[in-house]
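Here is a friendly walk through one structure, written for someone seeing it for the first time. Have a look at it below, then read on.

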Amino acid sequence: MTNKDSSYNSSQFKNSKLRKWSFRSLILMTLIAVIAVLWVEYQMRRVKGQLTEVVETADIQPISGEFILKNVHILNPQGDAMLPAQDILVSAGKIKQLGQHLTQSTNLTVVDGQGKFLIPGLMDGHVHLSENVNNLLLYLVNGVTHVRDMGATDYQLKVRDDRSDQALWPDVFVASEKVYTTPWWKTWFMNWTYSRITMSDASQGEAIVNDLKQRGFDALKISNGLEPAHYRSLVKAAHEADLLVTGHIPEGVSIEEVLDLGQQEIAHVEEITKVFEREFALYINEINDQTIAEYLEYVEKRGHEVAKTIKAKGVHVTSVIWLIESLLEQKFELEVFLKTVELEYVDPAMVEGSPLVSGWLPGHHSYASHPYWFESEENRNQLWLYWNTYVDAIHLMTQILVEHEVEFTAGTDSVVSGGVPGFSIHDELQSMVSLGMSTAQALQTATRIPGQWLDKVNKNPANGQVGAIKPGFVANLVLLEKNPLDDIKNTTTINAVIMNGRLYNRSQLDTILARIKSINAANRTQDISDYQ
């Protein structure tokens with residue numbers, strides 16, 4: 001063999017080894033990529049609640065068909081007084097008749113309401129259902145018979161449309177995921193991992209809206225992170241498609257333009273004060289007693305201007321007050337705060353979080369501030385001043401809205417950190433009363449007002465009108481041991497819940513709670529006994 005042949009064979013051998021190495025490396029990298037994708041997918045499914053065991057409810061058999069509730073105090077349609085000693089006849093899921101001393105057939109089931117108080121089923125105007133079916137049961141157990149999911153996917157659409165086959169699920173209104181301005185090269189990743197709708201060009205507005213309309217969403221949800229041109233394109237397209245527009249206020253758009261363009265709802269009182277904060281240029285590192293006083297004075301002045309326009313244009317507002325109040329404790333005294341919420345009923349996957357998503361517990365908390373703010377007492381005080389002022393502004397704006405008789409809906413933002421499904425609506429109502437609202441005003445934000453608004457925008461549940469105790473309305477009702485007009489905390493004294501004409505008694509509701517608690521305990525990987 002010549003030296004030339006030997007060199008050729010050696011080169012061929014090296015090339016063959018290189019090809020084999022490259023092929024094996026490609027296989028290895030592909031395998032690693034597949035494992036990474038599957039791991040991310042698993043973590044997302046777990047946190048969403050897709051892997052959580054569903055509570056068994058087949059043995060929970062309600063009173064149904066036709067029955068009569070006798071001698072009960074009933075909240076009047078205006079929501080400001082109790083009508084004493086009333087009978088209410090329920091039939092085929094509706095309120096058929098009400099009045100005093102109703103006559104009944106001898107074989108009719110009678111429920112004794114002596115000394116008890118009947119209110120419409122409560123409505124939570126701002127929730128995030130996740131994909132844990134047990135959350136739906138938590139709402140019902142707490143007297144919440146209607147929820148509005150304000151960031152939904154096809155899963156929540158299916159929940160809404162399958163609700164008629166699920167007796168223990170509340171009615172569901174479905175707003176889309178938030179739409180964000182996103183560079184084209186990030187859209188796939190953001191859609192996959194963050195469950196949001198992305199938009200990189202204003203010309204996409206019509207296509208996005210038409211897709212949501214075709215899929216059956218009740219509303220388009222706007223995010224803070226939309227460029228002004230993108231926002232205008234979406235709102236225009238939504239009006240043309242007759243799709244409700246709700247959500248946040250984009251950072252580059254004035255609140256006057258939002259109201260003029262016709263966004264029908266603002267999803268938090270907080271969204272209004274965020275605008276004022278940007279206008280005033282309130283910066284956390286410059287905050288002091290003087291800037292706080294000047295800022296709150298500005299909020300009061302602008303608040304009255306904006307509230308008048310909101311009232312005049314009939315724009316709806318959802319509250320989300322209690323959650324914002326809780327941020328002070330969640331940021332500064334988290335362990336104390338966790339002892340005040342019903343942590344045992346929250347999906348452990350949500351509480352514990354994952355390597356990709358923060359949870360509710362210390363060390364991995366979704367509302368945790370940057371460690372910088374706790375490096376010195378001065379920094380800590382600066383942070384506390386800012387968040388205390390943030391809450392004060394929301395309190396002030398809420399009081400201004402009430403003063404201008406702007407009717408708004410109670411919303412909780414559950415299941416974000418601290419917001420326990422179902423339980424949190426009662427916290428929200430208590431926060432409203434602590435701000436000076438009467439018990440009747442607060443109660444109406446979760447009954448009459450959202451019911452009338454759903455009717456106004458033609459978004460009643462499929463089975464009929466809700467929010468009041470009137471003949472022909474859906475029999476979504478809550479029977480209480482104590483009068484909530486005397487003390488708003490009495491909304492928690494639940495004796496029974498009636499959902500679409502099916503009555504679940506206290507014992508059955510407690511059974512559901514116990515089963516959820518047991519499932520959560522069995523799936524918990526971190527001890528929460530210090531918070532119970």
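Let's start with a word we'll need: two residues are in contact when heavy atoms of theirs lie within 4.5 Å. What is glutamine 444 in contact with, leaving aside its neighbours within four places in sequence? The partners are Gln78, Gly79, Asp80, Ile449 and Pro450. Glutamine 444 sits in helix H15 (residues 439–444); helices (H or I, at least four residues) and strands (E, at least two) are DSSP runs, numbered from the N terminus. With a relative accessible area of 11%, glutamine 444 is buried. Buried means under 20% relative accessible area, exposed means over 50%, and partly exposed is in between (1.4 Å probe, protein chains only).

Before going further, a note on what you are looking at. This is a predicted model, where local features need pLDDT of at least 70, side-chain atom pairs count only at pLDDT 80 or more, and totals for chains, interfaces and linings use all residues. Residues are numbered from 1 along each chain as its sequence is written, and side-chain values use heavy atoms, leaving out hydrogens and water.

**The cores**

A nonpolar core here is a set of buried Ala, Val, Leu, Ile, Met, Phe, Trp, Tyr and Cys residues joined through side-chain atoms within 4.5 Å. The largest one has 124 residues, and Leu220, Leu234, Ile272, Ile310, Leu343 and Leu401 have the most contacts inside it. Helix H13 (residues 377–403) gives the largest share of this core, with eleven residues. A second, separate core has 18 residues, among them Ile74, Ile95, Val111 and Leu479. Back in the largest core, take isoleucine 310: not counting residues up to four places away in sequence, isoleucine 310 touches Leu259, Ile266, Ile272, Val315, Val317, Leu401 and Val406.

**Sheets and strands**

Strands of a sheet pair through backbone hydrogen bonds, either parallel or antiparallel. In this report, two strands pair if DSSP finds at least two bridges between them. Three strands make an open, parallel sheet in the order S12-S13-S14. Strand S12 (265–266) and S14 are the edge strands, each pairing on one side only. Strand S13 (residues 316–318) meets S14 over two bridges, in the parallel sense, and valine 317 stands opposite phenylalanine 408 in S14.

Elsewhere, strand S16 (residues 494–499) has six of its six residues buried. S16 runs antiparallel to strand S15 (residues 477–480), with four bridges joining them; leucine 477 has isoleucine 498 in S16 as its bridge partner. S16 is also joined to strand S17 (residues 502–505) by four bridges, again antiparallel, and here alanine 496 stands opposite asparagine 505.

**Backbone oddities**

Most residues other than glycine have a negative phi, and most peptide bonds are trans. Here are some residues with a positive phi.

| Residue | Phi | Place |
|---|---|---|
| Asparagine 71 | about 55 degrees | strand S1 (residues 67–75) |
| Alanine 85 | about 50 degrees | strand S2 (residues 82–91) |
| Asparagine 500 | near 50 degrees | hairpin of S16 and S17 |

Asparagine 71 is partly exposed, at 30% relative accessible area, and alanine 85 is partly exposed too, at 26%. As for the peptide bonds, serine 414 and valine 415 are joined by a cis one, with omega about 20 degrees. Valine 415 lies in the loop between strand S14 (408–409) and helix H14 (423–434).

**Rings**

Rings of Phe, Tyr and Trp (its six-membered ring) pair if their centres lie within 6.5 Å; planes under 30 degrees apart count as stacked, over 60 as edge-to-face and the rest as tilted. How many aromatic pairs does a search of the whole structure find? It finds ten. In one of them, tyrosine 372 and tryptophan 373 have ring centres 5.0 Å apart and planes at 80 degrees, so this pair is edge-to-face. Tyrosine 372 is partly exposed, at 38%, whereas tryptophan 373 is buried, at 15%. Tyrosine 386 and tyrosine 390 form a tilted pair, 6.0 Å centre to centre with 45 degrees between the planes. Both lie in helix H13, four residues apart, about one turn of the helix, and both are buried. Ring pairs also link Phe276, Phe280, Tyr295 and Tyr298 into a cluster.
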